[in-house]
Amino acid sequence: MVIVGDDPASQVYVANKEKACTELGMYSEKYALPAETTEEELLSLIDRLNHDDKIHGILVQLPLPKHLDDKLIINHILPEKDVDAFHPANVGKIMIGDFDFVPCTPAGVMELIRESEVPVEGKECVVIGRSNIVGKPMSMLLLHQNGTVTICHSRTKDLKDVTRRADILVAAVGIPKFVKADMVKPGAVVIDVGMDRDENGKLCGDVDFAEVEPIAGAITPVPGGVGPMTIAMLMRNTLTAAKRAHEKKGC
Ligand code: NAP
């Protein structure tokens with residue numbers, strides 16, 4: 001785990017990932033670097049980790065400070081150690097549907113859907129958000145499960161009309177309590193990816209839980225819904241990476 005700077009939210013995310021490693025007995029190293037770390041320094045650390053046989057997964061916590069180029073840094077991680085699945089090689093594989101790693105948050109959502117035995121095939125699936133880390137891969141995963149997928153974003157016209165069609169609605173907007181009851185079809189499965197702060201600074205999601213919960217068929221809470229699943233999927237990707245590395249070595 002590599003973290004640069006002192007963004008408080010990132011510190012919490014990394015601490016939670018570290019805790020998960022400890023709980024699972026998974027060896028981990030944490031590099032907390034100062035905000036003024038140069039690109040060369042960061043690239044050279046990644047180089048070292050790329051070639052360290054003890055390390056099977058490398059996670060660079062985003063966002064990085066402004067002077068560092070996220071893309072350049074992520075592209076430097078070996079795809080087989082890219083347990084966040086942000087490297088273009090892994091992104092391309094997700095598109096094709098032949099992948100080792102799936103970005104952890106969408107993977108966590110799919111796991112919730114699978115465990116809850118929510119059928120996806122033939123269902124109307126609406127994803128609000130088209131980011132590279134959540135919205136886009138989320139949509140691809142639902143498509144691979146034969147959902148009929150619509151992706152919405154800030155330029156979508158008549159958003160409410162689209163979201164009200166959804167049998168499965170995934171909110172990944174980053175706006176607190178954005179999804180209101182009148183945007184949801186009664187009985188829909190509502191999955192809230194958001195990690196936002198309400199007007200009192202309290203953690204909340206992109207869905208107005210109090211309004212939507214009475215009409216939803218199923219709904220995930222924030223905290224305690226998608227968040228913990230994201231960490232679990234990171235651990236799963238790391239285990240997959242370790243297994244692959246051992247297979248490659250013929251162990
Ligand atoms: P992001 O990169 O900011 O993307 C937000 C998306 O929402 C964009 O595609 C944007 O559209 C769309 N959007 C913004 N305003 C909208 C509006 N009024 N109507 C419709 N769409 C709108 O955010 P992200 O990284 O995907 O994260 C989304 C949320 O998930 C955040 O709350 C984040 O903290 C949370 N998150 C949680 C986890 C977890 O582990 N639970 C992991 C990652 C992220 P444009 O593309 O048109 O701008």
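**Reasoning from values to terms**

Tutor: Let us start just after helix α6, where N146 takes a positive phi of about 70 degrees; the model in which this angle occurs is a predicted one.

Student: What makes helix α6 count as mostly covered?

Tutor: Seven of the ten residues in α6, which spans residues 135–144, are buried, and a residue is called buried when its relative accessible area is under 20%. The buried ones are G135, P137, M138, S139, M140, L141 and L142.

Student: Against which elements do the buried residues of α6 pack?

Tutor: They pack against α4 and α5, and also against the strands β3, β4 (148–152) and β5 (168–171), where a contact requires heavy atoms within 4.5 Å.

Student: Strand β3 also holds C125; why is C125 called buried?

Tutor: The relative accessibility of C125 is 0%, and the limit for buried is under 20%, so C125 counts as buried. Leaving aside residues up to four places away in sequence, C125 touches V120, L142, G147, T148, V149, T150 and I168, and L142 is itself one of the buried residues of α6.

Student: How far apart are C125 and G194, in sequence and in space?

Tutor: They are separated by 69 residues in sequence and by 17 Å from C-alpha to C-alpha.

Student: Are A85 and E117 buried or exposed, and how do you know?

Tutor: A85, in the loop between α3 and α4 (88–96), has a relative accessible area of 1%, and therefore falls under the 20% limit for buried. E117, in the loop between α5 (104–115) and β3, has a relative accessibility of 71%, and as exposed means over 50%, E117 counts as exposed.

Student: What is the backbone angle phi at A85 and at E117?

Tutor: Phi is near 60 degrees at A85, which is a positive value in a residue other than glycine, and phi is near 55 degrees at E117, again positive in a residue other than glycine.

Student: How do you know that the peptide bonds leading into P63 and P223 are cis?

Tutor: The omega angle tells us: omega is about 0 degrees for the cis bond that joins L62 and P63, and near 0 degrees for the cis bond from V222 to P223. P63 belongs to the loop between α2 (39–50) and α3 (70–76), whereas P223 belongs to the loop between β9 (218–219) and α9.

Student: What makes the pairs between the ligand and R130, D196 and T230 polar contacts?

Tutor: A polar contact needs a pair of N or O atoms within 3.5 Å. An oxygen atom of the ligand lies 2.7 Å from a side-chain N or O atom of R130, the corresponding distance for D196 is 2.8 Å, and for T230 it is 2.9 Å, so each of these values meets the 3.5 Å limit. As for cover, the ligand taken alone exposes 930 Å², of which the protein buries 70%.

Student: How many residues surround the ligand, and which helix gives the most to that shell?

Tutor: There are 23 residues around the ligand, with R130, S131, S154, D196 and T230 the closest, and helix α9 (residues 226–249) gives the most, with three residues. By character, the shell divides into eleven nonpolar, nine polar and three charged residues.

Student: Into which domains is the chain divided, and how far apart are their centres?

Tutor: Domain 1 covers 1–81 and domain 2 covers 104–225, and their centres, taken over C-alpha atoms, are separated by 28 Å.

Note on methods. Residues are numbered from 1 along each chain as its sequence is written. This is a predicted model: local features need pLDDT of at least 70, side-chain atom pairs count only at pLDDT 80 or more; totals for chains, interfaces and linings use all residues. Side-chain values use heavy atoms; hydrogens and water are left out. Domain bounds come from an automatic or database domain assignment. A residue is near a molecule or strand if one of its heavy atoms lies within 4 Å of it. A polar contact is a pair of N or O atoms within 3.5 Å; within protein, one must be able to donate a hydrogen and the other to accept it, and residues adjacent in sequence count only if both atoms are side-chain atoms. Accessible areas come from the Shrake-Rupley method with a 1.4 Å probe; for residues, only the protein chains shown count as cover. Helices (H or I, at least four residues) and strands (E, at least two) are DSSP runs, numbered from the N terminus. Ala, Val, Leu, Ile, Met, Phe, Trp, Tyr, Cys and Pro count as nonpolar, Asp, Glu, Lys and Arg as charged, and the others, Gly among them, as polar. Buried means under 20% relative accessible area, exposed over 50%, partly exposed in between (1.4 Å probe, protein chains only).
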